[in-house]
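This report describes how two protein chains meet and how their strands are arranged together. The reader is invited to follow the account with the structure in view.

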2 protein chains.
Amino acid sequence: MSATLTFDLKQLGQNAKTASRALAKASTTLKNAALLAIADALESHEEAILRANALDMEAARVSGISEAMLDRLSLKGRLRGIAADTRKVAELPDPVGEIFERQTLPNGLNVHKRRTPLGVVGVIYEARPNVTVDVAALTLKTGNAAILRGGSETLRSNVALIAAIQAGMRTTGLPAEAIQLITDPDRRYVGELLRLDQYVDMIIPRGGAGLHQFCRENSTIPVITGGIGICHLYLDISANQTASLEVIYNAKTQRPSVCNALDTLLVHESQGSAFIPQVIHRLGQAGVRFRLDPRALAAFGGEDPSVHPAGEGDWDTEWLGLTLGIKVVSGLDEAIEHIQQHSTAHSDGILTEDGAHAARFIEEIDSAAVYVNASTRFTDGSEMGLGAEIAISTQKLHARGPMGLRELTTYKWVVEGAYQVRK
Amino acid sequence: MSATLTFDLKQLGQNAKTASRALAKASTTLKNAALLAIADALESHEEAILRANALDMEAARVSGISEAMLDRLSLKGRLRGIAADTRKVAELPDPVGEIFERQTLPNGLNVHKRRTPLGVVGVIYEARPNVTVDVAALTLKTGNAAILRGGSETLRSNVALIAAIQAGMRTTGLPAEAIQLITDPDRRYVGELLRLDQYVDMIIPRGGAGLHQFCRENSTIPVITGGIGICHLYLDISANQTASLEVIYNAKTQRPSVCNALDTLLVHESQGSAFIPQVIHRLGQAGVRFRLDPRALAAFGGEDPSVHPAGEGDWDTEWLGLTLGIKVVSGLDEAIEHIQQHSTAHSDGILTEDGAHAARFIEEIDSAAVYVNASTRFTDGSEMGLGAEIAISTQKLHARGPMGLRELTTYKWVVEGAYQVRK
């Protein structure tokens, strides 16, 4: 495979579809053996993978990308961990073949639903080569074929990783075409992939808002959009302030660059002057900067270089860093209204000791994850016990919130009869 | 409302979104009361509705549409039945609020999933005014708002029906904007509706393949495609021929114009000469015409005005009428291969007494409904015990096969804690 090779995406799709049929029939034992073989191959290919990754890193450095992006790109010292994660996927239960909603109809027909693979999954992602292995492991476990399109900055790393993955697959006799990579960095292949509905059953974009919108607007294949989180916590009048402060600290600072990190804190007006200075003091220690609405500024009272008035678009900004918006609201109604207007329906929470308020918040906030007295950072497949996560969906069809193995499957209706006919 | 009024679809969307919030909070009791009030209003508006319908019928007759379409368009003598169906929806269990997958995580967080309405559903359909009431009842029951775009031939009927529906809604205090109709027949509003992703959560097209493709290609909102069925039955070597003949007769003739009717019969080569003449004799009595592949022609042997050689595209044609393709295959492998290549993944079945063959067929045929020894006509919400049906999905995300009330919902993760933070 060469990075400049121009190829036939339709052929890739056809290969994937054919491979998906073999994958769908593969037993759990065989799929797990393939996962272990892939983990072994990742380790035995370590040298080649790290050499390719070093070239990607070098090119990225020359192009002047940020340290944060360089860090994401690097596989150095991480390959053993990635192999270990792949082995863990082998240990998870296989959802394929699961039977549910079994019933016998009055006419004697035996009906059940049976969980089956989706078929072919297209994943479009950015400069994170670990996603390559992640997606390969989760789609393989669920009997799906995958077509991957990673960021061009990681093309050499991805080619080396895919070579190892395919080598692992081959040792078990499963088709290597179950995991294919678009190795031509030309962006038009993204558009082409999005219209390959003849072969591809689902598109998962993993990246920023722009990528998600591009997929939504150009795909003829169902797209799982998500991963964009303007997350809110509302400090209600009855909240335990000391405990709430730690929740807010955690939600904002534990990993500020991710989608489930806190963006906006809403504070009940009666709590403002007591609580907002504490927030600014405590979170300020972690380097957080603040955008306050006029009432929050008034409640804060003092002066601080980290405190600024909130601007026009601040309530609609996913900060992905150490910035926090703070707004004073008159109560639950205004908090709900603000969240309904500005949330991206990812993760939003209330901090309260009032059960009726908690119940109303749960009822009226229409987000993938709704929290009472907990950090928004828990919206995560492994935190929620899924064992693995392919994406976090913020749309409402198919799956919402963290998506694990089961969310990579569909079902078929199986109807078994004795030659029944419809009256 | 006037049929030529040009309006702001964005405003319609915003109204629907606002109404959807009220609907989402409405109790089951209130929603059921609204359903009964709608049924009453349909009856009390009968005169106005039938007058509008008569005008639609007249215009349709002048335009020279087919008798079959005229029949679908007519509400005469059907309104009481439609009202009765609406009352039946009130009796069905309400899926909204259902709690599932409750768990307590090791850190003490209480997590569950709660079924919630989708929000706003857009439905695009053709000349069947009964769909207007059907969709209104099912979306209302599930707490969703709906934006409807019916065929322009039924615009007057739909306007009259919506007036009755909204009058019924109003008596219970629920917002009439929960059910809105696009009353401008200009087709560009279809395109606009498909891009109203800010307000609309799901699009359901109900119509032919062209409409489904148009939606898939132009929508930025998730689309439930489906309803297109090239359906197969494979008569295996061990099938009970007498019983199979009745299943085939039923699947082809009981209602030939619908998506789950049989299109292609595959016959094991060892059965051909005994069975194919019986099929042609029995189904011929119901006026069925046949398209036979060369081996089936040879097996038939005789001459019959209803029997023709199959043409190039016949295996990829959904007949929607009294035509049946018949092909002889060498066995299960070839049958599966043919179906994999030509099926639209709607409903396909095997007729066999061989359990191993049945199991392989179920495993390898990736259709929404897979049958063993039964008519494909059972792929239907009410036949499958769903109580109602909004659509039959042939895509793999969200829902597959008959979609009932539950498939008009999504879920949220509810996480209740004691100020837990992520480590």
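In this predicted model, Ala369(A) stands opposite Trp413(B), a residue of S16(B). The two strands concerned, S13 (residues 369–374) of chain A and S16(B), pair in the parallel sense over 5 bridges.

This pairing belongs to a wider contact between the chains. In total, 59 residues of chain B are in contact with 59 residues of chain A. On the side of chain B that touches chain A, several elements supply at least two residues each, including helix H9 (209–218), helix H10 (241–253) and strand S2 (110–117). S16(B) gives the most, with 11 residues. By class, that side of chain B has 25 nonpolar, 18 polar and 16 charged residues.

The strands also form a sheet that draws on both chains. Its 10 strands run in the order S1(A)-S2(A)-S16(A)-S13(B)-S12(B)-S7(B)-S8(B)-S11(B)-S9(B)-S10(B), and the sheet is open with mixed pairing. Strand S1 (99–104) of chain A and strand S10 (307–309) of chain B stand at the edges; each has a single partner strand, so one side of each is left without a neighbour in the sheet. On average, neighbouring strands are turned by 20° against each other, direction ignored.

Two parallel strand pairs are set out below.

| Strand pair | Bridges | Opposite residues |
|---|---|---|
| S13(A) and S16(B) | 5 bridges | Ala369(A) and Trp413(B) |
| S7(B) and S8(B) | 5 bridges | Leu235(B) and Val267(B) |

A helix also packs on the sheet: H14(B) touches S16 (409–420) of chain A together with S12 (347–351) and S13 of chain B. The direction of H14(B) makes about 160° with that of S13(B).

Key
Residues are numbered from 1 along each chain as its sequence is written. Chains are lettered from A and ligands numbered from 1 in the order in which they are written. This is a predicted model: local features need pLDDT of at least 70, side-chain atom pairs count only at pLDDT 80 or more; totals for chains, interfaces and linings use all residues. Two residues are in contact if their C-beta atoms, placed from the backbone, lie within 7 Å. Helices (H or I, at least four residues) and strands (E, at least two) are DSSP runs, numbered from the N terminus. Ala, Val, Leu, Ile, Met, Phe, Trp, Tyr, Cys and Pro count as nonpolar, Asp, Glu, Lys and Arg as charged, and the others, Gly among them, as polar. Two strands pair if DSSP finds at least two bridges between them. Axes are lines fitted to C-alpha atoms, for helices over the stretch in contact, and angles run from 0 to 180 degrees between N-to-C directions.
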